[in-house]
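Take a look at the sequence and the structure below. Keep both in view while you read this short report.

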Amino acid sequence: MSVLAPNSSLVYRQVYQRDNQQQLWSGGSCLLLQRSKGLIWVHSINRNHKRIAKRDVRVEANLWSDLSRPTSVDMEPINDSDHLDQILLHAQELSQPILIDWMAAWCRKCIYLKPKLEKLSADYETKLKFYYVDVNKVPQTLVKRGNISKMPTIQIWKDGEMKSEVIGGHKVWLVIEEVREMINKFI
């Protein structure tokens, strides 16, 4: 399988995967990556399969990712106040908080933030459930209940009430970090 990477020297390398090792070939030499006890060992090998540099350099890398975990989990919509009540009741029974992303289809930051939150939701899949509310598609009583004045607004709800919020009017990576900190306070 060919590897395509930003570094042009990697474009024509071939990757071979056998058991717990990978080989990256470039020109006449090879970089052998061996997995052992969660660490990667790096060896340089020439075309004749002789080790030209024995570097047992430990590189922490995730070349063998856990494929059983999802990388993203879709957020579920909340449609009205009754639906929110059901969700809050269920979360209270499980003693888990929920995260609600209050957004609008016309809001660029909201649109850009949603997939980032869905990626973040995969990290907290068993501890917290992520939902979203499109404020233009739900009754305004629901929007008033969330006390929403700016979008995107990301809130943590626990025990039937809103506990904390982040208003996402700045750079997405900063918003995600603030949301992560907020989540860690309540799980």
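The report starts with the whole chain and then moves to single parts.

## The overall picture

This is a predicted model. The protein has 187 residues, and 39% of them are buried. Its secondary structure comes to four helices and ten strands. Along the sequence, the pattern reads β-β-β-β-β-β-α-β-α-β-α-β-β-α.

How do the contacts spread along the sequence? Among contacts between residues at least 6 apart in sequence, 53% join residues at least 24 apart. A search for aromatic pairs covers the whole structure and finds zero.

## The five-stranded sheet

Which strands make up the open sheet of five? The order is β6-β8-β7-β9-β10, and the pairing is mixed. The edges belong to β6 (76-77) and β10 (161-167). Each edge strand has a single partner strand, so one side of each is left without a neighbour in the sheet.

Now go through some of the pairs. β6 and β8 run parallel and share two bridges. In that pair, E76 has Y131 of β8 as its bridge partner. β7 and β9 are antiparallel, with five bridges between them. Here I98 stands opposite W157 in β9. β9 and β10 are antiparallel too, and six bridges join them. Q155 faces E165 of β10 across this pair.

Helix α1, residues 81-93, lies across part of this sheet. The strands beneath this helix are β6, β7, β8 and β9. Its direction makes an angle of about 155° with β7.

## Strand β9 and the residue I156

β9 is mostly covered, with five of its six residues buried. I156 lies in this strand. Is I156 buried or exposed? I156 has a relative accessible area of 0%, so it counts as buried.

What does I156 touch, apart from neighbours within four places in sequence? Its contacts include P97, I98 and L99, along with L128. E161, M162, K163 and S164 are also among them. So are M182, I183 and F186. One of these contacts, M182, is 26 residues from I156 along the chain, yet their C-alpha atoms are separated by 7.7 Å.

## Helix α2 and its kink

Helix α2 covers residues 108-123. Where does α2 bend? A kink of about 25° lies at K114, shortly before the proline P115. K114 also has a ring partner: it lies over the face of Y132, at 3.8 Å from the ring centre.

Which residues of α2 are buried? They are C110, L113, K114, L117, E118, L120, S121 and A122. Several of these sit three or four places apart, as with L113 and L117. An α-helix has 3.6 residues a turn, so residues three or four places apart point the same way. What covers the buried residues of α2 includes three strands, β7 (98-103), β8 (129-134) and β9 (153-158). Helix α4 (172-186) is also part of that cover.

## Loops and turns

The loop between α3 (140-145) and β9 holds P152. The peptide bond from M151 to P152 is cis, with omega near -5°. N147 is found in the loop between α3 and β9 as well. N147 has a positive phi of about 55°, although it is not a glycine. Is N147 buried or exposed? Its relative accessible area is 64%, and the cut-off for exposed is over 50%, so N147 is exposed.

Next comes the turn between β9 and β10. These two strands form a hairpin with two residues between them. D159 is found in this loop. D159 also has a positive phi of about 55° and is not a glycine. With a relative accessible area of 46%, D159 is partly exposed.

## A residue on helix α4

K185 lies in helix α4. Is K185 buried or exposed? K185 counts as exposed because its relative accessibility is 67%. Along the chain, K185 and S164 are 21 residues apart. Their C-alpha atoms are separated by 9.5 Å.

Methods: Residues numbered from 1 in each chain as written. Predicted model: local features only at pLDDT ≥ 70, side-chain atom pairs only at ≥ 80, totals over all residues. Heavy atoms only, no water. Bend = angle between axes of the 7 residues up to and from the residue. Buried < 20%, exposed > 50% of the residue type's maximum accessible area, 1.4 Å probe, protein only. Contact = heavy atoms within 4.5 Å. Phe/Tyr/Trp six-rings, centres within 6.5 Å; stacked < 30°, edge-to-face > 60°. Lys NZ or Arg CZ within 6 Å of the ring centre and 35° of its normal. Pairing = 2+ DSSP bridges. Axes fitted to C-alpha atoms, helices over the stretch in contact; angles between N-to-C directions.
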